[in-house]
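Today I am opening a new notebook page to look up how the strands and helices are arranged. Let me bring up the structure before I write anything down.

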Amino acid sequence: MSLLSDSIALYKREMLIFRANIRTNIIRSAIFPLFIILLFGYLGSGVSNVPVAVVNYANNPQSIQFINSLELQNLIVVQTVISQDQAFDLLNSGQVNFVIVILPNFPSSTGQTAIDVYYTNVQYTETSEILPVIQQRAAQLESPQSFQSEFYEPTGSDAGVVSTPVNGASGSYKTFLFSGVIGMVIVFSALFGGGISLITDRLGGNIKSFLITPINKSAIILGRVLSGMVQSTLFVVIVLIIGIADGSTIAMGLIGLVWIFLLGAILMVCFTSVSAIIASRMKNINAYAIFSQAVGLPLWFLSGGIIPVSSFPPVLQAISVVNPMTYALDGFRRVILLGSYPIANIAVDFGVLIATAIVLTALSIFLFKSTID
Amino acid sequence: MNDIIKIEHLVKKFGDLTAVSDVSLSIKEGEIFGLLGPNGAGKTTTINMLLTLLIPTSGKITIAGMDLQKSHAKAKQLMGLMTQETVVEADLTARQNLQLFAELYHIPKQEVGKRIKEALEESDLMAFADKKTGTFSGGMQRRLGLVRAMIQEPKILLLDEPTTGLDVQNRTTMWDRIKELNKDGTTILLTTQYLEEADTLCDRIAIIDHGKVIALGTPSEIKRIAGSGKILEVVVGNNDAQKVVSLLKSKFGIIATAKGEKVTAILEKGKESEFTKISAAIDREKVDVLSIGEHLPTLDDVFIKLTGKGMRDESGEMKGGRMGGRWR
């Protein structure tokens, strides 16, 4: 009981300090998204030479004309294959990013589906660029309704199609970055705010003045973690404002915000604990700043914040699996880019993040207590 | 009177370094007890062990009859601490500072408001209650620190160099407050590097050096250690200090020590009357005398006699107005 009330007392202290420095906190959390979204979001966002497998079941002059039209402007490189299975093999092995199946009834004039497009969930940047092109080229030959795209999840030998239409998804690189920057701002705010204040509090004697009161020592860390959770909402709001003002959209709409805030809060807990773990062993703020960047930046990169994980070499892909940030970013992406967040993914993302948060918080409390004597 | 703090054979080692080596002390309820010693003597280590910030290597501490190791939460409730760097939360207002510590000391909700009001009145900070303490002057912060240390109405108040860095006026105010608190029944354990402060405030004093208690008693008992005579102090210019030392030795048989511009010597009982002769002799030698005087032994003199060094040597801080002798 006393642990809870002690934590709340120290949580209130953290929030008062946070509020007293609100301007610095807002500026710090706004600078990253401003720079990254506004600067990198417009750089090299063009896509070219995307490998696409085409299965031409129609095999008529119009379909051949359609395939030829795809290759205009060097946007798409077509590889014609004879069967859908062969095409999916290419998709699964990552040799192509899209499979276009031209059905025998092409060109359809009745509005029936005549072209199926399958793609994996990993190439967010290309999806948004390629889909409209395919649709537009097809529309020149038939009515637009006959085009259907489907979201395809490569699951090893199982080549089943996950029928997740992505028509609402916006997948520009800008939006891709936007979702990554939410994670980045949370992680960096946690690493910079939390850890540095823990060191200054210890050097200044504030921690000592808490330790001589009859509180539960764990409350000193728990109060920080609690306040981090609440502060994360402000950081998320700031990134959302900047991102949306810049033209990014959230495919899932308003309900998606709930997921973003929840994921953000848990991610903040993880990294507030990480900052406490690093800070518990350090006396020098400069050393801490360097060390925390050395932890934060690679983790952000490895979570697929700037470049999709699928573009990583296999070794880095494997590392990204054990990076808690990857799971938060997966959630952000599904909500923002795909507009759907299947229960299975929710279970995995939240399961991993909550477990990580619990382990890291326990570890930070243990390390903090052990440094007191 | 009961012993409110009982320290028995306390030892603290950091690796090979023994910071506190077999310290035994009893502090009586209601007294002001001074802990003196140069930096690194083991004062702060001892205080930190009292506050459970450090775990003793061996030995036992009893607070109001309770074993500190076993019932530290209860014992902490009985102790308040103010240190020289008593950190007020700079981003919080005075009221928020007190509120925070009232909550950390688990003061019942219905009482918190009353305690905060009293504390603000006592510290004369009511007008600044809702101002951030980061904007406070050093004296105001120290006053807030003192009432914050007293927010849970502890029986024992630990003051770790409470007036270091304060100006004379603020220091006197602080002394008055300490005396008042003591009069109200609070036992006070004080560490200080100002010997004058210990002399004025303390009922009893312990001098610690190299982790050991080397003297214990009332200020007047302690001062007797320096001898029953008087202390001669000559301050000279022109690097004439050695000249004075040799003069004192050759003409009067007095062993004096020179440190920079200052020459000090103990005038044993019986030689006290020679002061006028000495000053006349020094005058004749055409020594550039800045001041010459004699005074009764102060704690400083005891300190130098016991530890071979002055307190100031470690603190690196000069402080004036201590010499009680006659100045010419």
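I count two strands as paired if DSSP finds at least two bridges between them. I also keep in mind that this is a predicted model.

**Entry 1: the six-stranded sheet**

I looked up strand β3 (residues 32-36) of chain B and found that it pairs with strand β9 (residues 204-209) of chain B in the parallel sense, over four bridges. Within that pair, I noted Ala206(B) in β9(B) as the bridge partner of Leu35(B). On this sheet I found helix α6 (residues 168-183) of chain B, which touches β3, β7 (156-160) and β8 (187-192) of chain B. The direction of α6 makes about 150° with that of β8(B).

Which order do the six strands take? I read β6-β7-β8-β3-β9-β10 (chain B), an open sheet with mixed pairing. β6 (79-83) and β10 (212-217) of chain B each have a single partner strand, so one side of each is left without a neighbour in the sheet. I logged an average twist of 15° from one strand to the next.

**Entry 2: the four-stranded sheet**

My next stop was an open antiparallel sheet of four strands, in the order β12-β13-β11-β14 (chain B). Its edges are β12 (256-259) and β14 (289-295) of chain B. Strand β11 (residues 230-236) of chain B shares six antiparallel bridges with β14(B), and there I found Val236(B) bridged to Val289(B). Helix α10 (residues 275-284) of chain B packs on this sheet, and its direction makes about 170° with that of β14(B).

**Entry 3: domains of chain A**

I noted domain 1 (2-42 + 172-372) and domain 2 (50-152) from the domain assignment of chain A. Their centres, taken over C-alpha atoms, are separated by 40 Å.

Conventions
Residues are numbered from 1 along each chain as its sequence is written. Chains are lettered from A and ligands numbered from 1 in the order in which they are written. This is a predicted model: local features need pLDDT of at least 70, side-chain atom pairs count only at pLDDT 80 or more; totals for chains, interfaces and linings use all residues. Helices (H or I, at least four residues) and strands (E, at least two) are DSSP runs, numbered from the N terminus. Two residues are in contact if their C-beta atoms, placed from the backbone, lie within 7 Å. Axes are lines fitted to C-alpha atoms, for helices over the stretch in contact, and angles run from 0 to 180 degrees between N-to-C directions. Domain bounds come from an automatic or database domain assignment.
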